[in-house]
Amino acid sequence: MNMIDSLLLKLAKLDEQSLTRHRRVVETPCAPRVVVGGRPLLAFCSNDYLGLAAHPRVVAALREGAELYGAGSGASHLISGHGLAHQLLEDRLAEFVGPHLESARALTFSTGYMANLAILTTLGMDADAEIFSEFLNHASLIDGARLARAQVKVYPHADLAALSALLEASTSANKLVVTDSVFSMDGNMAPLPELLALCERHDAWLVIDDAHGFGTIGANGRGALEHFNLRSPNLVYMGTLGKAAGVGGAFVAAHASVIELMIQRARPYIYTTAAPPALAHALLASLDIIGGDEGASRRAHLQALIAQLNGTLKLKRWQRIASQTAIQPIVIGSNEEALRIGAALYGKGIWVPAIRPPTVPVGTARLRVTLSAAHTQEEVAQLAAALNELEELR
Ligand SMILES: *Cc1c(COP(=O)(O)O)cnc(C)c1O
């Protein structure tokens with residue numbers, strides 16, 4: 001068999017299992033109303049939870065950033081790519097989540113994926129370090145743990161007793177507990193206060209991936225640390241800037257010593273071109289919105305939509321996962337049925353992605369509904385009515 005044939009065989013196997021993925025080409029800005037292939041759709045699939053991706057103030061700031069700083073950074077941060085906009089953004093982010101940390105500093109990355117690789121390969125760089133990773137963690141944390149030299153132990157979802165036993169048994173002087181704050185395919189939250197107490201008891205770092213919390217939870221949008229009112233020098237916080245913040249990139253905030261070591265040693269920070277400075281400039285506008293009155297009213301509207309959806313979905317066969325966040329999955333089970341229902345919704349002009357293994361465990365294929373402050377009550381009512389009707393039809 002030649003090389004191409006063996007690839008075609010792999011692709012054919014995916015197809016047999018209803019696991020082939022297709023991209024749709026979106027012709028309009030990220031918003032509840034999009035156009036795909038000339039056709040208008042009502043979308044419940046982005047992570048643009050506050051509706052900032054196409055917000056006029058953020059778009060204007062991006063344009064202004066390009067005028068001030070040009071299009072590209074030209075080099076990595078440690079060579080000559082670290083611009084004034086990057087520095088101002090780091091300082092603002094450190095201030096933003098600083099009240100929850102000790103001697104806080106922040107460091108920005110091009111993506112959350114790279115930020116997670118950087119945290120785990122830096123803090124887990126020694127072979128005698130130990131990483132304790134939550135079962136439902138995001139792929140970027142799993143990959144970071146694989147890339148680190150540390151030993152890796154996976155603890156069952158939200159199982160504090162199992163984690164406690166693992167920490168108790170550990171002889172490592174360098175322990176990292178790693179978890180998503182809001183689980184990206186379930187929408188539920190990790191028991192962060194209990195996890196932090198365990199980490200403090202065992203002198204472990206608690207690495208929190210707040211991709212879905214930053215901007216959307218906490219009275220001032222500061223994310224999971226504010227939501228749970230956490231404060232500890234053990235915290236290593238990762239927030240992404242392409243979801244609620246509406247632009248792109250990510251940051252790590254932690255004790256200054258953690259950040260300095262990442263600048264010196266984190267390969268996903270050092271060996272890559274710095275993100276365009278205009279993005280950092282646009283993010284300063286996003287942070288103004290998130291931390292101000294407009295952010296608060298957008299979060300309140302989002303919470304009202306979440307309550308509305310939960311109050312109006314009348315499902316008998318499909319499973320709901322209790323979630324107070326913008327991620328509202330409907331677990332259908334089989335890949336084939338999840339795809340069929342996704343296609344039926346699409347036929348009605350409603351776009352909700354069907355999520356299949358390996359992104360979620362086998363037998364839990366689901367529709368991943370995400371709500372945004374940019375949605376209206378009427379749009380959420382339309383989604384609930386369509387789902388109720390499709391479930392009845394079988
Ligand atoms: C999206 C996401 C990431 C990756 O962030 P990007 O900026 O998109 O690379 C990391 N962790 C979680 C939980 C996410 O949902």
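Reader: How do you know that the side chains of Asp143 and Arg146 meet in a salt bridge?

Author: The term asks for a side-chain nitrogen of Lys or Arg within 4 Å of a carboxyl oxygen of Asp or Glu. Asp143 and Arg146 have an N to O distance of 3.5 Å, so the pair fits that cut-off. Before we go on: this is a predicted model, where local features need pLDDT of at least 70, side-chain atom pairs count only at pLDDT 80 or more, and totals for chains, interfaces and linings use all residues. Residues are numbered from 1 along each chain as its sequence is written, and side-chain values use heavy atoms, with hydrogens and water left out.

Reader: Where do Asp143 and Arg146 lie?

Author: Both sit in helix α6 (residues 139-147), three residues apart, or about one turn of the helix. By "helix" I mean a DSSP run of H or I with at least four residues, by "strand" a run of E with at least two, each numbered from the N terminus.

Reader: What makes Arg146 buried or exposed?

Author: Buried is under 20% relative accessible area, exposed is over 50%, and partly exposed is in between (1.4 Å probe, protein chains only). Arg146 has 65% and so counts as exposed. Asp143, with 23%, is partly exposed.

Reader: How many salt bridges does the structure hold?

Author: There are 11. One of them joins Asp288 and Arg92, with the closest N and O atoms 2.9 Å apart. Asp288 is in helix α12 (residues 277-291) and Arg92 in helix α4 (residues 84-97), so this pair ties together parts that are 196 residues apart in sequence.

Reader: Which residue does Glu260 form a salt bridge with?

Author: With Arg105, the closest N and O atoms being 2.8 Å apart. That pair also links distant parts of the chain: Glu260 is in helix α10 (residues 256-265) and Arg105 in strand β3 (residues 104-109), 155 residues apart. Why is Glu260 called partly exposed? Because its relative accessibility is 32%. Arg105, at 30%, is partly exposed too.

Reader: Which residues are the closest to the ligand?

Author: Those are Gly112, Tyr113, Asp209, His212 and Lys243, out of 14 that surround the ligand. A residue is counted as near if one of its heavy atoms lies within 4 Å. Helix α5 (residues 112-123) gives the largest share of this shell, three residues.

Reader: What classes does the shell have?

Author: Two residues are nonpolar, nine polar and three charged. Nonpolar covers Ala, Val, Leu, Ile, Met, Phe, Trp, Tyr, Cys and Pro; charged covers Asp, Glu, Lys and Arg; the others, Gly among them, are polar.

Reader: What makes His138 a polar contact of the ligand?

Author: A polar contact is a pair of N or O atoms within 3.5 Å (within protein, one must be able to donate a hydrogen and the other to accept it, and residues adjacent in sequence count only if both atoms are side-chain atoms). An N or O atom in the side chain of His138 is 3.4 Å from a nitrogen atom of the ligand, so the pair passes. A polar side-chain atom of His212 is 2.5 Å from a ligand oxygen, and one of Lys243 is 2.6 Å from a ligand oxygen.

Reader: Why do β10 and β13 stand at the edges of the sheet?

Author: The open sheet has four strands in the order β10-β11-β14-β13, with antiparallel pairing. β10 (319-320) and β13 (354-355) each have a single partner strand, so one side of each is left without a neighbour in the sheet. Strands pair if DSSP finds at least two bridges between them, and β13 has two with β14 (residues 365-370).
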